[in-house]
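Trainee: Could you take me through a close look at a single part of this structure, setting out its surroundings and its partners in one connected account?

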Amino acid sequence: MGGNRTVGIGMDYSASSKVAVRWAVDNLVDGGDRIVLIHVQSGKSDHAQKKLWEDTGSPLIPLEEFREMNLSKQYGINPDREVLDILDTASKTKQVKVVSKIYWGDPREKLCDAVEDLKLDSLVVGSRGLGSFKRLLLGSVSSYVVSNATCPVTVVKGTPMPKA
């Protein structure tokens, strides 16, 4: 199993998206795979790069470049050190390539767009664990993506896993 697959991970640096990253690294990706960390910024944000890439999303950003603070500030993202360390370890120990891509707009639609744009073989997202009433009122990104994405979607929920 594995090798030469492209696995997307929806990332907003919430506790549930961190659990999704750890789950994907521990249970899904193998050597030769590529992880694409998919960030969706608010359509209302006003960062310089948004003007250039609003319609198509940013270019793919290698993990090494994504660690640079000024690049992160250009896109309005504050990467979490724990997530970067998990991905860095996966890159080295499992020989997976890790890149990031940033979109602007509605996370539900943009994650589904990313499946097509990036030709994802699989998408992993976290679940905030909204109750049924809140989910009905607010809508659930994970529910929408499961129903509309054209690739298999894994929704990871629960409390953060202990560090390996």
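Mentor: What follows is an account of one strand, its neighbours and one of its residues. Please keep in mind throughout that this is a predicted model.

The strand I have chosen is β1, which covers residues 6–10, and the place to begin is its degree of burial, since 5 of its 5 residues are buried. The cover is found on both faces of β1: Thr6, Gly8 and Gly10 are buried on one side, and Val7 and Ile9 are buried on the other.

Turning to the pairing, β1 has strand β2, made up of residues 34–41, as a parallel partner, and 5 bridges join the two. Within this pairing, isoleucine 9 stands opposite leucine 37 of β2, while glycine 10 has isoleucine 38 of β2 as its bridge partner. The two strands also belong to a right-handed β-α-β unit, in which β1 and β2 are accompanied by helix α1, residues 15–27.

β1 also pairs with strand β5, residues 122–126, again in the parallel sense, here over 3 bridges. Isoleucine 9 takes part in this description as well, for it stands opposite valine 124 in β5, just as it stands opposite leucine 37 in β2.

If we follow β2 outward from β1, we find that β2 is itself mostly covered, with 7 of its 8 residues buried. It is joined by 8 bridges to strand β4, residues 97–104, and these two strands run parallel; one of the pairs there is valine 40 with its bridge partner in β4, tyrosine 103.

Let me return to β1 for a single residue, glycine 8, which lies in that strand. Glycine 8 counts as buried because its relative accessibility is 0%, whereas the cut-off for that class is under 20%. Leaving aside neighbours within four places in sequence, glycine 8 is in contact with Val36 and Ile38, and also with Leu120, Ser122, Leu123 and Val124. Set beside the residue ranges, this list has a plain reading: Val36 and Ile38 fall within residues 34–41 of β2, and Ser122, Leu123 and Val124 fall within residues 122–126 of β5. A further reference point is lysine 101, which is 93 residues from glycine 8 in sequence, with a C-alpha to C-alpha separation of 9.8 Å in space.

Note on methods: Residues numbered from 1 in each chain as written. Predicted model: local features only at pLDDT ≥ 70, side-chain atom pairs only at ≥ 80, totals over all residues. Heavy atoms only, no water. Buried < 20%, exposed > 50% of the residue type's maximum accessible area, 1.4 Å probe, protein only. Helix = DSSP H or I, 4+ residues; strand = E, 2+ residues; numbered from the N terminus. Pairing = 2+ DSSP bridges. Right-handed = clockwise from strand over helix to strand, strands pointing away. Contact = heavy atoms within 4.5 Å.
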